[in-house]
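Hi,

Here is the structure I promised to send over. Have a look at it first, and then read my notes below.

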Amino acid sequence: MRIAETLVPFIDRGGDVVLRYNAHSMNLYENGEGDDTGHLVKIDWYTRLRKLGKRPSCVPVWLCHGNKRIQGYLHAIPLPE
């Protein structure tokens, strides 16, 4: 995954990243439901955003590349009709 390959070394050097997320170019993960073991599951954005409804939300996410896990947040803001 090219984007993760680029972002992870940048973040490791202390960089911060703000970007418009495209689910087709980078996978993000979340903790498994009811799982405190650190097991991550790929986020199904269609289902996840439908659960959020039409309210702005902040979703905790993980970017994974190789053996690295970087925590971040996805801010979901519905578009006007």
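To start with burial: 27% of the 81 residues in the protein chain count as buried. Keep in mind that this is a predicted model.

**The overall layout**

The protein chain has two helices and four strands, and following the sequence you meet them in the pattern α-β-β-α-β-β. Taken along the principal axes, the C-alpha atoms fill a box of roughly 40 × 30 × 20 Å. If you take the contacts in the protein chain with a separation of 6 or more, 38% of them are between residues 24 or more positions apart.

**Helix α1 and what follows it**

α1 covers residues 2–12. Its buried residues are A4, L7 and V8. Looking down the axis of α1, these buried residues fall within an arc of 105 degrees, so they line one face of the helix. That face packs against β3 and β4. R2 and T6, on the other side of α1, are exposed.

F10 is also in α1, but F10 is partly exposed, at a relative accessible area of 36%. Leaving out residues up to four places away in sequence, F10 touches G15, D16 and V17. For a sense of distance, F10 and T47 are 37 residues apart along the chain, and their C-alpha atoms are separated by 31 Å.

Just after α1 comes G14, which takes a positive phi of about 100 degrees. A little further on is V17, in the loop between α1 and β1. V17 counts as partly exposed, with 33% relative accessibility. Setting aside neighbours within four places in sequence, V17 reaches back to L7, F10 and I11. Between V17 and A4 there are 12 Å from C-alpha to C-alpha, with a sequence separation of 13 residues.

**The nonpolar core**

The largest nonpolar core has 14 residues, and those touching the most other members are L28, I43, W45, V59, V61, L63 and L74. The elements giving two or more residues to this core are α1, α2, β3 and β4.

L28 is a good residue to click on here. Not counting neighbours within four places in sequence, L28 is in contact with Y21, V41, K42, I43, W45, V61, W62, L63 and L74.

**Strand β2, seen from L40**

L40 lies in β2, which runs over residues 40–42. What makes L40 count as buried? Its relative accessible area is 13%, and the cut-off for buried is under 20%. Apart from neighbours within four places in sequence, L40 is in contact with Y29, E30, N31, W62, C64 and R69. R69 is 29 residues away from L40 along the chain, yet their C-alpha atoms are separated by 9.9 Å.

**The two pockets**

The largest pocket holds about 1000 Å³ of space. It has 31 lining residues, and L19, Y21, L74, H75 and A76 are the ones nearest its centre. Two or more lining residues come from each of α1, α2 (45–52), β3 (57–65) and β4 (68–76). Which element gives the most to this lining? That is β4, with seven residues. By type, the lining of the largest pocket divides into 22 nonpolar, five polar and four charged residues.

The second largest pocket has a volume of about 160 Å³. Its lining consists of E30, N31, G32, E33, V41, I43, D44, T47, R48 and K51. β1 (29–31) and α2 each supply at least two of these residues, and α2 has the largest share, with three. Here the split is two nonpolar, three polar and five charged residues.

A few residues turn up in more than one of these places, so here is a short list to follow on screen:

- L74 is among the core residues that touch the most other members, and L74 is also one of the residues nearest the centre of the largest pocket.
- I43 is in that same group of core residues and lines the second largest pocket.
- Y21 is in contact with L28 and is another of the residues nearest the centre of the largest pocket.
- N31 is in contact with L40 and lines the second largest pocket.

Happy to go through any of this with you on screen.

Cheers

Conventions: Residues numbered from 1 in each chain as written. Predicted model: local features only at pLDDT ≥ 70, side-chain atom pairs only at ≥ 80, totals over all residues. Heavy atoms only, no water. 1 Å grid on protein atoms, 1.4 Å probe; cavity = no way out; pocket = protein on both sides within 12 Å on 5 of 7 lines; lining within 4 Å. Points joined across faces, edges and corners; volume = space filled by probe spheres on them. Nonpolar A, V, L, I, M, F, W, Y, C, P; charged D, E, K, R; others polar. Core = buried A, V, L, I, M, F, W, Y, C linked by side-chain atoms within 4.5 Å. Buried < 20%, exposed > 50% of the residue type's maximum accessible area, 1.4 Å probe, protein only. Contact = heavy atoms within 4.5 Å. Arc of directions from axis to C-beta.
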